[in-house]
Amino acid sequence: MKCLAVVSHPLKNSLCKDLLDEVADELERKNHEIRIKDLYEEAFDPVLTRDERASYYGDEYTPSGTQKDIEQLCETEYLVLIFPTWWFGLPAILKGWLDRVWVPGAAYAHSVDNKSISPKLNALKKVRVITTLGSPWWVDRLILRQPVKKALKYGVVGACSRGCDFEMLSLYDCENLTQDKINRFKIRIRRFL
């Protein structure tokens with residue numbers, strides 16, 4: 001499968017970058033064609049431009065420097081997102097990638113009356129999300145009811161890809177990790193992928 005692994009963390013020595021290495025090794029071991037997209041390393045501009053937003057409901061979306069990213073997404077069969085969950089949301093750079101790359105005409109199509117959308121990412125069959133959180137599991141799952149998972153599964157992937165297999169793996173209490181806990185999580189990643 002054509003895999004795209006998108007990592008969103010500003011620090012080169014971050015846990016997310018370490019987990020990306022594990023993901024890349026496992027996907028290569030399974031003979032997938034993998035491309036790595038490091039949004040910070042590429043200095044991806046997350047700011048949706050006025051022209052881009054104005055064209056959301058126009059006859060044709062007008063990308064401003066993201067056409068290659070859009071084409072890359074449209075070709076992707078297996079997407080892996082790796083990021084820290086900050087304030088129970090996505091890092092701004094990843095949110096901007098969604099805003100500027102998962103766009104009308106490529107990721108979805110508006111209905112004639114602009115009241116609904118239909119999925120267009122027909123190649124996308126599998127999405128795996130790996131995230132790290134400083135909070136304990138019970139805050140995310142019991143109190144907040146997994147807002148990031150819901151937004152990605154239903155609001156993004158569910159709206160843009162028909163029948164896509166979506167799963168999310170979270171590493172909690174990241175402020176208090178031991179090497180043993182990280183190693184056990186890496187084993188879970190291999191099974192997860």
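Helices here are DSSP runs of H or I with at least four residues, strands are E runs with at least two, and both are numbered from the N terminus. Keep in mind that this is a predicted model.

**Exercise 1. Place His32 and decide: is it buried or exposed?**

Solution. Start with the address: His32 sits in the loop that links helix H1 (15-29) to strand E2 (33-38). Next, take the cut-off: a residue counts as buried under 20% relative accessible area and as exposed over 50%. His32 comes out at 17%, so it is buried. Finally, look at what it touches. Skipping residues up to four places away in sequence, the partners of His32 are Met1, Cys3, Leu27 and Tyr78.

**Exercise 2. Work out which elements build the largest nonpolar core.**

Solution. First, the core itself: it holds 34 residues, and Leu79, Leu81, Trp97, Trp102 and Leu152 have the most contacts inside it. Now sort the elements that supply two or more residues to this core:

- Helices: H3 (67-75), H4 (92-101) and H6 (147-160).
- Strands: E1 (2-7), E3 (78-84), E6 (126-132) and E7 (165-171).

H6 gives the largest share, six residues. There is also another core apart from this one, with 23 residues, including Ala5, Leu27, Leu169 and Cys174. Leu27 should ring a bell, as it is one of the residues that His32 touches.

**Exercise 3. List what Trp97 is in contact with, leaving aside neighbours within four places in sequence.**

Solution. Go through the partners in sequence order: Leu4, Val6, Lys37, Leu39, Phe44, Asp69, Leu73, Leu79, Leu81 and Trp102. Then match them to the core: Leu79, Leu81 and Trp102 are, like Trp97, among the residues with the most contacts inside the core of 34.

**Exercise 4. Check the overall build: does the radius of gyration agree or disagree with a compact globule?**

Solution. Begin with the parts list. The protein chain has seven helices and seven strands, in the order β-α-β-α-α-β-α-β-β-β-α-α-β-α. For 193 residues, a compact globule would have a radius of gyration near 16 Å; this chain has 17 Å, so the two agree. The C-alpha trace spans about 55 × 40 × 30 Å along its principal axes.

Then check the inside: 48% of the residues are buried. Of the contacts between residues at least 6 apart in sequence, 76% join residues at least 24 apart.

**Exercise 5. What share of the accessible surface belongs to carbon and sulfur atoms?**

Solution. Take the total, about 10,200 Å²; carbon and sulfur account for 50% of it. As for charge, the chain has 29 positive and 27 negative charges, and their mean positions lie 6 Å apart.

Terms used. Residues numbered from 1 in each chain as written. Predicted model: local features only at pLDDT ≥ 70, side-chain atom pairs only at ≥ 80, totals over all residues. Heavy atoms only, no water. Rg over C-alpha atoms; globule rule 2.2 N^0.38 Å. Buried < 20%, exposed > 50% of the residue type's maximum accessible area, 1.4 Å probe, protein only. Contact = heavy atoms within 4.5 Å. Areas by Shrake-Rupley, 256 points an atom, 1.4 Å probe, with all protein chains shown as cover. Lys, Arg positive; Asp, Glu negative; His and termini not counted. Charge placed at Lys NZ, Arg CZ, Asp CG, Glu CD. Core = buried A, V, L, I, M, F, W, Y, C linked by side-chain atoms within 4.5 Å.
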